[in-house]
Amino acid sequence: MSEKSLAEMQREVDRYISQFKEGYFSPLSMLARMSEEVGELAREVNHHYGEKPKKPDEADNSIEMELGDIMFIVMCFANSLGIDLTEAHNGVMNKFNTRDANRWTRKNVEP
């Protein structure tokens with residue numbers, strides 16, 4: 001599968017949502033949905049890495065699919081508010097590279 005840019009993914013999500021009369025949910029509903037998805041991710045991580053095994057009759061979800069669900073709702077949220085996630089990402093990386101430039105211990109890089 002070929003790589004997609006974040007902008008392409010946002011457009012793909014918008015094309016999908018735009019085919020329905022209901023369109024995007026309200027920001028509060030999307031925040032609730034995002035919280036639900038993060039909870040589902042937490043459950044999968046706990047099953048995989050924690051001490052809580054799945055019940056025999058529980059669905060076989062995956063961390064990968066839960067992360068995908070979170071990405072989808074983040075893109076819906078951003079699209080509904082007119083936020084370009086590439087610009088948001090660039091702003092966050094700039095913040096980390098400046099504000100937090102000396103916060104962590106860097107690995108020794110050999111020449």
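Select first the second largest pocket, whose volume is about 160 Å³. A pocket here is an open set of points on a 1 Å grid over the protein atoms alone, where a 1.4 Å probe fits, with protein on both sides within 12 Å along at least five of seven lines. Its volume is the space filled by probe spheres set on the points, which are joined across faces, edges and corners. The model is predicted, so local features need pLDDT of at least 70 and side-chain atom pairs count only at pLDDT 80 or more, while totals for chains, interfaces and linings use all residues. Residues are numbered from 1 along each chain as its sequence is written, and side-chain values use heavy atoms, with hydrogens and water left out.

To display the lining of the second largest pocket, select Tyr16, Ile17, Phe20, Glu22, Gly23, Tyr24, Phe25, Met30, Arg33, Phe72, Ile73 and Cys76; lining residues have an atom within 4 Å of a point. H1, helix H2 (27-49) and H3 each give two or more residues to this lining. Helices are DSSP runs (H or I, at least four residues), numbered from the N terminus. H3 provides the largest share, three residues. By class, the lining holds nine nonpolar, one polar and two charged residues. In this scheme Ala, Val, Leu, Ile, Met, Phe, Trp, Tyr, Cys and Pro count as nonpolar, Asp, Glu, Lys and Arg as charged, and the others, Gly among them, as polar.

Turn next to the largest pocket, with a volume of about 290 Å³. The selection for its lining is Met1, Ser2, Glu3, Lys4, Met9, Glu12, Val13, Gly68, Met71, Phe72 and Met75. Helix H1 (6-18) and helix H3 (63-81) each supply at least two of these residues, and H3 gives the most, with four. The classes here are six nonpolar, two polar and three charged residues.

Keep Lys4 and Glu12 selected: they form a salt bridge, with the closest N and O atoms 2.7 Å apart. A salt bridge is a side-chain nitrogen of Lys or Arg within 4 Å of a carboxyl oxygen of Asp or Glu. Lysine 4 counts as partly exposed because its relative accessibility is 41%, and glutamate 12 likewise counts as partly exposed, at 35%. Buried means under 20% relative accessible area, exposed over 50%, and partly exposed in between (1.4 Å probe, protein chains only).

The structure holds four salt bridges. For another, select glutamate 44 and lysine 54, whose side chains meet at 3.2 Å, N to O. This pair links distant parts of the chain, with glutamate 44 in helix H2 and lysine 54 in the loop between H2 and H3, 10 residues apart. Is glutamate 44 buried or exposed? At 8% relative accessibility, glutamate 44 counts as buried, whereas lysine 54, at 27%, counts as partly exposed.

Now select Arg99, Asp100 and Arg103, which are linked in a network of salt bridges. Between aspartate 100 and arginine 99 the closest N and O atoms are 3.0 Å apart. Aspartate 100 is buried, with a relative accessible area of 9%; arginine 99 counts as exposed, at 52%.

Finish at Val92, Met93 and Phe96, a nonpolar surface patch with about 230 Å² of accessible area together. Phenylalanine 96 lies in helix H4 (residues 85-98) and counts as partly exposed, at 37% relative accessibility. Patches are made of residues with over 30% relative accessible area and no salt bridge, nonpolar side chains (Val, Leu, Ile, Met, Phe, Trp, Tyr) being joined within 5 Å and like charges within 9 Å. Accessible areas come from the Shrake-Rupley method with a 1.4 Å probe.
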